[in-house]
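Open your viewer and get ready to select residues by number. Each stop tells you what to pick and what is there.

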Amino acid sequence: MKHTLPPLPYAYDALEPYIDAKTMKLHHTKHHQTYIDKLNAALEKYPDLQEKSVEDLLRSLATFKVEETDKAAIRNHGGGHANHSLFWQIMGPKKETDKKLTGEIVKAFGSLDDFKKQFTDIAVKLFGSGWAWLARDEKGNLHLHGMPNQDSPYLHGHVPVIGLDVWEHAYYLKYQNRRAEYIENWWKVLKLI
Ligand code: MN
């Protein structure tokens, strides 16, 4: 079973003016597609791994008996596939507030504003390319993490809830080097809270 690009659940221009259509189209059809193509290529030698979901691949990666270069490729490109698949889902042109989640966030971080401040701080300060994450640990507790490259919370047994892509390809066309401005506007298209 080959991994395939999930369709974007809205139009490329649906997140305008906060995220521009050109960035969305490139990001989805080129960057995300490339992670998928390279993940499929890395799995070619391993028919048993081809049957696994990308989440299972990342969760169990450490246990696989595969060459180190292939393991790195599954980590990077499988992570890229899983991360972007979630990223498209949690954004949208209209707020669809998840009341259960916001309640849990308030409990864990004191208030929504405190959560946003801490998450933003991680995203702004993350060095180089990577993602800011809100994830659940094994006990279901919420945690914030900054992770490099396309590393997924699944690698550590966590389940990603909210992820923000701070690779330059996610914002450079519209925001150039102004990452903080991209992040500030991204909260407006995060539909969950
Ligand atoms: Mn990206």
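This tour of a predicted model goes from the metal site to the domains and ends at a helix.

**Stop 1: the metal.** Select the manganese ion. Which residues coordinate the manganese ion? They are H27, H84, D165 and H169. The three histidines each use NE2, and D165 uses OD. The distances run from 1.9 to 2.1 Å. Along the sequence, the donors follow the spacing H-x56-H-x80-D-x3-H. Now keep just H84 and D165. H84 sits in helix α4 and D165 in strand β3, 81 residues apart, so this pair links distant parts of the chain. Are these two buried or exposed? H84 is buried, at 0% relative accessible area. D165 is buried too, also at 0%.

**Stop 2: two domains.** Colour residues 21-90 as domain 1 and 99-186 as domain 2, following the domain assignment. Their C-alpha centres are 20 Å apart. At the interface, 19 residues of domain 1 contact 21 residues of domain 2. Together the domains bury about 1700 Å², with 63% of that on carbon and sulfur atoms. Select T23, N83 and F87: in domain 1, these lose the most area to domain 2, together 31% of what that side buries.

**Stop 3: a salt bridge.** Show R75 and D151. They form a salt bridge, with their closest N and O atoms 2.9 Å apart.

**Stop 4: helix α8.** Select residues 179-186. Buried here are R179, Y182, I183, N185 and W186. Look down the axis: the buried residues fall within an arc of 165°, so they line one face of α8. They pack against α4, α6, β3 and α7.

How values were computed. Residues numbered from 1 in each chain as written. Predicted model: local features only at pLDDT ≥ 70, side-chain atom pairs only at ≥ 80, totals over all residues. Heavy atoms only, no water. Buried < 20%, exposed > 50% of the residue type's maximum accessible area, 1.4 Å probe, protein only. Helix = DSSP H or I, 4+ residues; strand = E, 2+ residues; numbered from the N terminus. Arc of directions from axis to C-beta. Contact = heavy atoms within 4.5 Å. Donors = N, O, S within 2.8 Å, 3.2 Å for Na, K, Ca; no water. Domains from an automatic or database assignment. Buried area = accessible area lost by both parts, 1.4 Å probe. Salt bridge = Lys/Arg side-chain N within 4 Å of Asp/Glu carboxyl O.
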